[in-house]
Amino acid sequence: MVKSRSSYVCQNCGAITQRWQGKCESCGEWNTIIEEAAALGIGGAAARRGGAGRPFPLEDLSGASRPELRVATGIAELDRVAGGGFVPGSATLIGGEPGIGKSTLLIQACAAVARAGGRVIYVSGEESTAQVRLRAARLGLADAPVQLAAQTLVEDIVATMGSGDAPRFVVIDSIQTMWSDAIESAPGTVSQVRGSAQALIRFAKSSGAALLIVGHVTKDGQIAGPRVVEHMVDAVFSFEGDGAHAFRLLRAAKNRFGATDEVGVFEMTGAGLAEVPNPSALFLAGRDGRASPGAAVFAGVEGARPLLVEIQALVAPTTLGTPRRAVVGWEPSRLAMVLAVLESHGGLKLGQYDVYLNVAGGLKVAEPAADLAAAAALVSSLTGAALPHDAVYFGEIALSGSVRAVAHTGLRLKEAAKLGFTTAFAPAPPRAEGESMRIAAKPIASVASLVALIAAAGVEAKSVPRAVERARSGVTN
Ligand code: TYD
Ligand code: MG
């Protein structure tokens, strides 16, 4: 036996030191280093078996010895992110904040796979089987032939899964609750998380089960415990959303068997997670029936998926010495830049105004392509001129005031056309991509022309015939 000795492991980054330290020199975090017993050294297990390795069957590269190529759950949004279902023998880590819906999604996936046939096991380390059963019943899944366990000791879990038919689909909820006999530290520590994940992944590889591991994330969105688990698995998904809104996004941060730009969209309902095949419709659902100043529809792209969302701005005279700039769902620095460009190149004076910007529906937009939509919403709010109700905006604003082309122009135009938008204000496309579609692409070359366009439309809207027309159609403003 290798004598076990202690080492000191940073719970944030997994770095190992020989002495305890208040600050981890590797990641710079404070009070994250704790003492852990070292696991059995390399060769420990072989030494116990008497020193000799055992031969194992070799497989064909063609996969001929693995009859099933993918385990599809039938939940299209999940299967698509996985790259067309889960690969047998692969391990996938699904991270997300507590309460976001990881357990709900996975029990739904388990039930769907089990109903299609094959052995499906759901191991919860957080809830009792009664609790899991209760949730399944609420979701109408009580009759699905899923095998349940509320266990946390990985040796027992592996032994149980290994007896009987080889499982097709296994969910471990969550890795932070698992612990191994061979490791002396407490559950949830880096060594335990790493050791447990190793044992489970080894089982998946040898049995051919598709393994899904739930991982909690810390406040800053990292999967708690060692980053090494992320390196051990084949795919890492994050399940995101915010508590105040019903939509959830499943993203692949890493995927050995699929594209990482896929995004699955779900809505949390009273009956569990529902797929959202048309996310733009969901995000635009709360839109006012009439055009109101300060709202612009951004034709965005999440991953490889077009997503239309409303960007709302409020520009109001300030009562403060330093005007407020507040933003939800977008980068504050991006807002500051767009405001500076509007002042320098659009001729606007914003120093006496508070500025609020909000991305509707709780979505977080990271694309620079949102610049033009944000600018349009800001100018619209400042001038009081509503933007056309059937127009979308996209384009990146440069510090020079010019509007630059962005990726996926065709995808954005197509989605906007599909949802009934008739005009897209965008940088001049390199090719006439909008031509074949039922949408007119109006090129906007600079911030100055955007401001001029919106201001001109504002004057037009205040003209008598328009006002009469609006009054007739029952719209009051
Ligand atoms: P859960 O799957 O337990 O989250 P996680 O495993 O990521 O911690 O989801 C918990 C939340 O989801 C809880 O606040 C209740 C809500 N929920 C619904 O709104 N509808 C449902 O059908 C279910 C099962 C949960
Ligand atoms: Mg859970």
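**Exercise 1. Determine how far a backbone N or O atom of Lys102 lies from an oxygen atom of ligand 1, and describe the surroundings of this ligand.**

Solution. Step 1. The distance between a backbone N or O atom of Lys102 and an oxygen atom of ligand 1 is 2.8 Å. The model is a predicted one, and the distance is computed from its atoms.

Step 2. Two side chains are considered next. In Thr104, an N or O atom of the side chain is 2.6 Å from an oxygen atom of ligand 1. In Arg135, a polar side-chain atom is found 2.9 Å from an oxygen atom of the ligand. Of the 560 Å² of accessible area that ligand 1 has on its own, the protein covers 72%.

Step 3. The shell as a whole contains 16 residues, and the closest are Gly99, Lys102, Ser103, Thr104 and Gly272. By residue class, the shell consists of 5 nonpolar, 7 polar and 4 charged residues.

Step 4. At least two shell residues come from each of three elements: helix H3 (102-116), helix H4 (129-138) and strand E11 (263-269). The greatest contribution is that of H3, with 3 residues.

**Exercise 2. State at what angle the axes of H3 and H4 cross, and classify the arrangement.**

Solution. Step 1. Two packed helices are described by the angle between their axes and the distance between the axes.

Step 2. For H3 and H4, the crossing angle is roughly 70°, and the axes come within 11 Å. Angles of 65 to 115 degrees count as roughly perpendicular, and H3 is therefore roughly perpendicular to H4.

Step 3. The residues that meet are Ser103, Thr104 and Ile107 on the side of H3, and Val132, Arg135 and Ala136 on the side of H4. This contact comprises 3 nonpolar, 2 polar and 1 charged residues.

**Exercise 3. Carry out the corresponding analysis for helices H5 and H6.**

Solution. Step 1. Helix H5 (residues 154-162) packs with helix H6 (residues 190-207) at an angle of about 10°, and the axes are 10 Å apart. Because angles under 35 degrees count as roughly parallel, H5 is classified as roughly parallel to H6.

Step 2. H5 contributes Val154, Ile157, Val158, Met161 and Gly162 to the contact, while H6 contributes Ser196, Ala199, Leu200 and Phe203. These residues divide into 7 nonpolar and 2 polar, with no charged residue.

**Exercise 4. Identify which residues a cis peptide bond joins, and state the phi of Asn31.**

Solution. Step 1. Most residues other than glycine have a negative phi, and most peptide bonds are trans.

Step 2. The cis peptide bond joins Asp173 and Ser174, with omega about 5°. Ser174 belongs to the loop between strand E7 (169-173) and H6.

Step 3. Asn31, a residue other than glycine, has a positive phi near 55°. The position of Asn31 is in the loop between strand E2 (16-17) and strand E3 (33-37).

**Exercise 5. Locate Arg287 and list the residues that Arg287 touches.**

Solution. Step 1. The loop between helix H8 (279-284) and strand E13 (295-302) holds Arg287.

Step 2. When residues up to four places away in sequence are not counted, Arg287 touches Val297, Glu310, His389 and Phe421. With Glu310 there is a polar contact between the two side chains, at 3.4 Å.

Step 3. Sequence separation and spatial separation may also be compared for a pair of residues. Arg287 and Val309 are 22 residues apart in sequence, and their C-alpha atoms are 9.6 Å apart in space.

Terms used: Residues are numbered from 1 along each chain as its sequence is written. Chains are lettered from A and ligands numbered from 1 in the order in which they are written. This is a predicted model: local features need pLDDT of at least 70, side-chain atom pairs count only at pLDDT 80 or more; totals for chains, interfaces and linings use all residues. Side-chain values use heavy atoms; hydrogens and water are left out. A residue is near a molecule or strand if one of its heavy atoms lies within 4 Å of it. A polar contact is a pair of N or O atoms within 3.5 Å; within protein, one must be able to donate a hydrogen and the other to accept it, and residues adjacent in sequence count only if both atoms are side-chain atoms. Accessible areas come from the Shrake-Rupley method with a 1.4 Å probe; for residues, only the protein chains shown count as cover. Helices (H or I, at least four residues) and strands (E, at least two) are DSSP runs, numbered from the N terminus. Ala, Val, Leu, Ile, Met, Phe, Trp, Tyr, Cys and Pro count as nonpolar, Asp, Glu, Lys and Arg as charged, and the others, Gly among them, as polar. Axes are lines fitted to C-alpha atoms, for helices over the stretch in contact, and angles run from 0 to 180 degrees between N-to-C directions. Angles under 35 degrees count as roughly parallel, over 145 as roughly antiparallel, 65 to 115 as roughly perpendicular and the rest as oblique. Contact means heavy atoms within 4.5 Å.
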